[in-house]
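I am opening a notebook on a structure that is new to me, and I mean to write down each thing I look up in turn. The entries follow below the picture.

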Amino acid sequence: MGIEYLGLSDINGPLVVLEGVKDAAFDEIVEFTVDEKEKKLGRIIEAYDDRAVIQVFEGTTGMSLTNTHTRLTGHPMQVTLSEDILGRTFDGIGRPIDGLGPIVSSETYDVNGLPLNPCRREYPRNYINTGISAIDGLTTLIRGQKLPIFSGNGLPHDQLAAQIVRQANLGGSANEQFGIVFAAMGVKYDVAEYFRRTFEESGVSDHVTMYLNLANDPVVERLITPKMALTAAEYLAFEKHMHILVILTDITSYCEALREVSSSKGEIPSRKGYPGYLYSDLASMYERAGIVEGQEGSVTQIPILTMPNDDITHPIPDLTGYITEGQIVLDRQLNGQGIYPPISVLPSLSRLMKDGIGEGYTREDHQALANQLFSSYAKVTDVRSLASVIGEDELSESDQKYLAFGRAFESEFVGQGEDANRSVIETLDLGWKLLHILPESELDRIDSGMLKKYFHGNDENDRANV
């Protein structure tokens, strides 16, 4: 049974202090009644003997030391879940905001999740098709992987996230169930409406669960939103045996909320003012992706973060890179050229790609083709640097072909538009088509057998279409 107290000892921003408490536990949920009518929720973030420091989710506006009635619930933050959450929209702490009423279920889950025994993890295999060539062909997303998108202010990461939600599927595995959990943290109202409207109009909302924390919502709620989303994803994956893709945007907003709350608590700041436990806090989210031995489902994550000042060495992308298995980097220069999605190929990678592509997954030539495209495009950057010094007219015939390949690669392979949904086979065929621009002698990452089968297979048609 919950314990109830009258009055508070101190109020500091989103934090309140309650003294004289008994048996208070870290992370325990607290219910407030203000002026005997307004209800608020809080979470204990520090507990000493008879003193507890509590985060108030809805903010402390209207609360005073004498008008607040506090009840300790005796349990951590929990969420009620059932299969009915698919197609539903919730706020940052799991309350329905789509007008369809609460979820009716006897199953409640701790939003902090349970530690996953590393020995029970299965190595990620097989791929998730996004319909985007620069991802599927060169930085393939593998089931159970965590693959972040590094963006910047003003870049089209929201459009890219929406396109992935619309197009993502399990490739040829039609018999397996697939769902998406989408969590937005600190987004503006028009951005939230864009996501909601896009999903509804494209007809995918029936297998998407949304958690929306708006920019004008309390900062403390922002810290709960990804935990809500990941708990829902784990439930659908490991209880209902679905393959779940979790998209979290924007991790930078989450980290700034963490910094604000840390400052309110008087904690000693670390790099750029972020708390010293930023790494472990991010890891507690990212490491909830994976595949469990003996379970049919999987949780795959695409966290999206905006790099302040496009600085990839900033603490947020820097620490994220240590924890995750690669990254997809958006490029401001490509965006300025009107190329969408503006994915910068060379700094992007998927460390688990090699284990979920090839024969039996995508196609036998996938890895060799990706290696050749990377190598050839890297040569393009060298040739462009040389051309900036001596001019394009002075380049050799081979270098001229590399420049032509670079332009075609960026406009046709990387660039594809918001409505283009390509299969993996279409992506691979397009890659071979573009390689016809280059002399065969330059294709040094592909063995002769594959060259004969795929490069010379439709030689005349491909050359005519380049």
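With which residue does D355 form a salt bridge? Before answering I note that the model is a predicted one. I looked up the pair and found that D355 forms its salt bridge with R125, where the closest N and O atoms are 3.6 Å apart. I then placed both partners: D355 is in the loop between β21 and α9, R125 is in the loop between β11 (121-122) and β12 (127-128), and the pair links distant parts of the chain, 230 residues apart. Next I checked the cover of each, and D355 is buried because its relative accessible area is 13%, under the 20% that marks a buried residue. R125, with a relative accessible area of 41%, is partly exposed.

Other salt bridges. I read that the structure holds 24 salt bridges, and I followed up two others. The side chains of R95 and E58 meet in one of them, at 3.4 Å from N to O. This pair also links distant parts of the chain, with R95 in the loop between β9 and β10 (108-110) and E58 in the loop between β6 (51-56) and β7 (68-76), 37 residues apart. I noted R95 as partly exposed at a relative accessible area of 36%, and E58 as partly exposed at 23%.

The other one I looked up joins R332 to D310, with the closest N and O atoms 2.6 Å apart. R332 lies in helix α8 (residues 332-336) and D310 in the loop between β19 and α7, so this salt bridge ties together parts that are 22 residues apart in sequence. Both ends are partly exposed, R332 with a relative accessible area of 38% and D310 with one of 34%. I also recorded that salt bridges with shared partners join E58, D91, R95 and E221 into one network.

The eight-stranded sheet. In what order do the strands of the open sheet follow one another? I wrote the order down as β9-β16-β15-β17-β19-β14-β20-β21, eight strands with mixed pairing. The edges are β9 (89-91) and β21 (343-350), each of which pairs on one side only. Neighbouring strands of this sheet are turned against each other by 15° on average, with direction ignored. Looking at one end of the order, I found strand β20 (residues 326-330) joined to β21 by four bridges, the two running antiparallel, and L330 standing opposite I343 in β21.

Residues in and beside this sheet. Q301 lies in strand β19 (residues 298-306), and I entered Q301 as buried because its relative accessibility is 0%. A polar atom of the Q301 side chain lies 2.9 Å from the backbone oxygen of M285. I then turned to E325, whose place is in the loop between α7 (315-323) and β20. E325 is buried, with a relative accessible area of 17%, and its side chain makes a polar contact of 2.6 Å with the side chain of K146. I also looked up Y286, found in helix α6 (residues 278-286) and buried at a relative accessible area of 0%. The C-alpha atoms of Y286 and T320 are separated by 8.5 Å, although these residues are 34 apart along the chain.

Strand β3 and its partners. Why is strand β3 largely enclosed by the rest of the structure? I found that four of the five residues of β3 (residues 15-19) are buried, which is why the strand counts as largely enclosed. Strand β2 (residues 10-12) is joined to β3 by three bridges and the two run antiparallel, with D10 opposite V17 in β3. They form a hairpin with two residues between β2 and β3, and in the turn G13 has a positive phi of about 60°. Five bridges join β3 to β6, again antiparallel, and here L15 stands opposite Q55 in β6.

A patch on the surface. My last entry concerns L386, V389 and I390, which make a nonpolar surface patch of about 270 Å². I placed V389 in helix α9 (residues 366-390), and V389 is exposed, with a relative accessible area of 68%.

Note on methods. Residues numbered from 1 in each chain as written. Predicted model: local features only at pLDDT ≥ 70, side-chain atom pairs only at ≥ 80, totals over all residues. Heavy atoms only, no water. Patch = residues over 30% accessible without salt bridge, like charges linked within 9 Å, V, L, I, M, F, W, Y side chains within 5 Å. Areas by Shrake-Rupley, 256 points an atom, 1.4 Å probe, with all protein chains shown as cover. Salt bridge = Lys/Arg side-chain N within 4 Å of Asp/Glu carboxyl O. Buried < 20%, exposed > 50% of the residue type's maximum accessible area, 1.4 Å probe, protein only. Pairing = 2+ DSSP bridges. Axes fitted to C-alpha atoms, helices over the stretch in contact; angles between N-to-C directions. Polar contact = N/O pair within 3.5 Å; in protein donor to acceptor, adjacent residues only side chain to side chain.
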